[in-house]
2 protein chains.
Amino acid sequence: MKATIYDVAREAGVSIAAVSQVINGKGKISEERRASIISVMEQLNYKPSLIASALTGKKTYTLGLLIPDISNPFFAEIARAVEDQGDVHGYSLVICSTDNKDERVERYLTLLGQKSVDGIIIGTGMDSGELLDLLLKKSIPLAVIAREMPGHDLATVVVDDYEGGRMAARHLLGLGHTRMAVLAEHRKVISSRERIRGFQDEVVEAGLQLPEYMVKMNGRDLVNDGRRSASELLRYADRPTAVFCCNDLLAIGALQAAKEMGVRVPEELSIVGFDNTILATVTDPPLTTVSQPTEQMGQLVVDLVLSKNDAAKPGESKRVMLKPELVVRQSTGKPISI
Amino acid sequence: MKATIYDVAREAGVSIAAVSQVINGKGKISEERRASIISVMEQLNYKPSLIASALTGKKTYTLGLLIPDISNPFFAEIARAVEDQGDVHGYSLVICSTDNKDERVERYLTLLGQKSVDGIIIGTGMDSGELLDLLLKKSIPLAVIAREMPGHDLATVVVDDYEGGRMAARHLLGLGHTRMAVLAEHRKVISSRERIRGFQDEVVEAGLQLPEYMVKMNGRDLVNDGRRSASELLRYADRPTAVFCCNDLLAIGALQAAKEMGVRVPEELSIVGFDNTILATVTDPPLTTVSQPTEQMGQLVVDLVLSKNDAAKPGESKRVMLKPELVVRQSTGKPISI
DNA sequence: TTGAAAGCGCTACCAA
DNA sequence: TTGGTAGCGCTTTCAA
């Protein structure tokens, strides 16, 4: 069986209060008692139960991370960054893959609440704003990463999605493209919407159009849905010479569609991704993509949710918006007709 | 503030015992009391604290997963499978990326112990067998995935690594290769060793050799280390015509090295990976690789650690060994000299 | 300095 | 059926 504080106290011939003191390094204890207690603790291999300590109002040293899917390399990278920074402060990480389904979001959120985690980091889309209020009422710190959470004043770390979209468009426009398409995620995903908006604004400012039928929404199975959507685009009589994909997974789908249909990339179709995951470096051809600084984002969001940062003006949540960066590889080029 | 069982009891005009009854669906309560209590619970948005309930000896509904790195797509897939199956039984998942460092393994293991998780799934290498015994003594169920844990009789789910190595070798031999090399992980990683052993046995049985200088060990930064190792191999006067990589990440490194040095794949160098991650489908050329059934593995290991499977003979731990599968893509071909 | 004791929120046993 | 109550393991007053 597991040793408890009572075992240690008995063995050391002291009260449990004394043992608690040395565990927490507080209070006054004579050096010899402390030493003897410590030695007993080691001997019994005693480790204080975090459950019990949490019940007395202390921390659980657990953070929750809500993301669409841990097997999506982008979120896996975010998770790793969050885990590492949490680890720095002694926290461990509960992973919650939501598939962007409200039902899963809801279930996970209440579960994390019941487990009294010390903070929840949200990196997934969700409709259920009420749930957040509930959590807030239970005074669980919340922070948002890689997403906006409109209508809620939460600490947030994002990349400038709008600007990222503009960068992608600027790059393609600069190459001379005039017929461009977009592969987006579910419309629930705000970052995706922002990227499209930026892309579109830039295109329109250049005096061109982004007709609605050139913008395809996609479901959960990003690669395959992206592939299907791209095939459709490529079957148009006025098929696009370039496609901006709201993440690398969709871009890979587009790449596959092009390959299947014998459409050369980038000669006949330029493809731009988003996220700059490891995937973008290994595709054929390597993907031009908009990069997010995942490591920095993970660090910042953990510090925010744990309020390890310099406290902002009270009542005003911190917002950090990082700059994306365009990484040009070989999946983009001049349109062949030019 | 968060509502407690006392709030509910007071509000409903009953004892906390009654409330506890309806939470756990046990004991006898009249239908009306039950209904009224339930309505009060909803009204107060009461959710029982899992911390408190865990302290009374019930489960924590938390599982720990130790893996080298969640940002490695193979382990991200495993994690997703484990998470989903855990979710089926109402458990959430704490992710622990160890980087295969004993120090991290140790820290995470004791942390999980202090948090009284209901089970730990180990998918990382480790030297510290004593720690496991300690955990076992504290009666935390353990199970191993995608690894062997020699010297410990633990429930285990693996793929037949040895056979996987043989399959890779058979494939390359069948293509006519005679000078082959291996890119392996750190020697601490047993699965890697088994894969090499299988590969080597098959090669030797074919009357060929696998000299030691053709086997390169690699560190934590798999892609880059793989790239470096592959460059070395390609600089040999008797450079190999094929290389078997113990995972897809190493294979990608090899691919990059080949590209950098102008070595054509598969014409001048055939590359075989292992794991069949999403990466293998997007590389240029797509990777021939040995596939592991991650989803099935995740499901099985969760059921094992929760003993949801049909109980084995007591005292005898369950072992499940799944068959790998060779997925032939375009990174392998006949050696050019033939 | 030290320790007795009152919780933390919930479960489970036992008496009413 | 119901509710009082003794813990679960630990923290934290508050006296001694």
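In the predicted model, strand S2 (residues 92-97) of chain A and S2 of chain B pair in the antiparallel sense over 3 bridges. Within this pairing, A:Val94 stands opposite B:Val94, a residue of S2(B).

The pairing of strands belongs to a contact between the two chains to which chain B gives 53 residues and chain A gives 53 residues. Between them, chain B and chain A bury about 4,700 Å², and 57% of this area is on carbon and sulfur atoms. On the side of chain B, the residues B:Ile51, B:Arg80 and B:Gln114 supply 15% of the area that this chain buries against chain A, which is more than any other three residues supply.

Polar and charged groups also take part in the contact between the chains. The count of salt bridges between chain B and chain A is 12, and one example is the salt bridge that B:Arg104 forms with A:Glu83, in which the closest N and O atoms are 4.0 Å apart. In addition, 28 residue pairs are in polar contact between chain B and chain A, where both residues of a pair are at pLDDT 80 or more. The side of chain B that touches chain A receives two or more residues from each of several elements of chain B, namely H4, helix H5 (73-88), strand S2 (92-97), helix H6 (102-114), helix H7 (129-137), helix H11 (248-260) and helix H12 (278-282). The largest share of this side comes from H5(B), which provides 7 residues. When the residues of the side of chain B that touches chain A are divided by class, 25 are nonpolar, 13 are polar and 15 are charged.

The model also contains DNA, and the surroundings of DNA strand C are described next. DNA strand C is surrounded by 26 residues, of which the closest are A:Ser30, A:Arg33, B:Ile5, B:Ser20 and B:Tyr46. Of the atoms of DNA strand C that come within 4 Å of the protein, 70% belong to sugar and phosphate. Several individual contacts involve phosphate oxygens of this strand: a polar backbone atom of A:Ser15 is 3.4 Å from a phosphate oxygen of DNA strand C, a polar backbone atom of A:Ser30 is 3.0 Å from a phosphate oxygen of DNA strand C, and a polar side-chain atom of B:Ser20 lies 2.9 Å from a phosphate oxygen of DNA strand C. At least two residues of the surface near DNA strand C are supplied by each of helix H2 (16-24) of chain A and, in chain B, helix H1 (5-12), helix H2 (16-24) and helix H4 (50-55). Among the contributors, H2(B) gives the most to this surface, with 4 residues. The surface near DNA strand C consists of 12 nonpolar, 10 polar and 4 charged residues.

For DNA strand D, 26 surrounding residues are found, and the closest are A:Ile5, A:Ser20, A:Tyr46, B:Ser15 and B:Arg33. Sugar and phosphate make up 68% of the atoms of DNA strand D that come within 4 Å of the protein. A base nitrogen of DNA strand D has a polar side-chain atom of A:Tyr6 at 3.2 Å. Phosphate oxygens of DNA strand D are approached by a side-chain N or O atom of A:Ser20 at 2.9 Å and by a polar backbone atom of B:Ser15 at 3.5 Å. The elements that give two or more residues to the surface near DNA strand D are helix H1 (5-12), H2 and helix H4 (50-55) of chain A, together with H2 of chain B. Here the largest share, 4 residues, comes from H2(A). By class, the surface near DNA strand D has 12 nonpolar, 10 polar and 4 charged residues.

Finally, some details of backbone geometry deserve a note. Most peptide bonds are trans, and most residues other than glycine have a negative phi. The peptide bond from A:Val265 to A:Pro266, however, is cis, with omega near 5°, and A:Pro266 is placed in the loop between helix H11 (248-260) and strand S9 (270-275) of chain A. The peptide bond from A:Asp284 to A:Pro285 is also cis, with omega near -5°, and A:Pro285 is found in the loop between helix H12 (278-282) and strand S10 (288-291) of chain A. In chain B, B:Ser116 is not a glycine and yet has a positive phi of about 50°; the place of B:Ser116 is in the loop between H6 and strand S3 (119-122) of chain B.

Methods
Residues numbered from 1 in each chain as written. Chains lettered and ligands numbered in written order. Heavy atoms only, no water. Near = heavy atom within 4 Å. Polar contact = N/O pair within 3.5 Å; in protein donor to acceptor, adjacent residues only side chain to side chain. Nonpolar A, V, L, I, M, F, W, Y, C, P; charged D, E, K, R; others polar. Contact = heavy atoms within 4.5 Å. Buried area = accessible area lost by both parts, 1.4 Å probe. Salt bridge = Lys/Arg side-chain N within 4 Å of Asp/Glu carboxyl O. Pairing = 2+ DSSP bridges.
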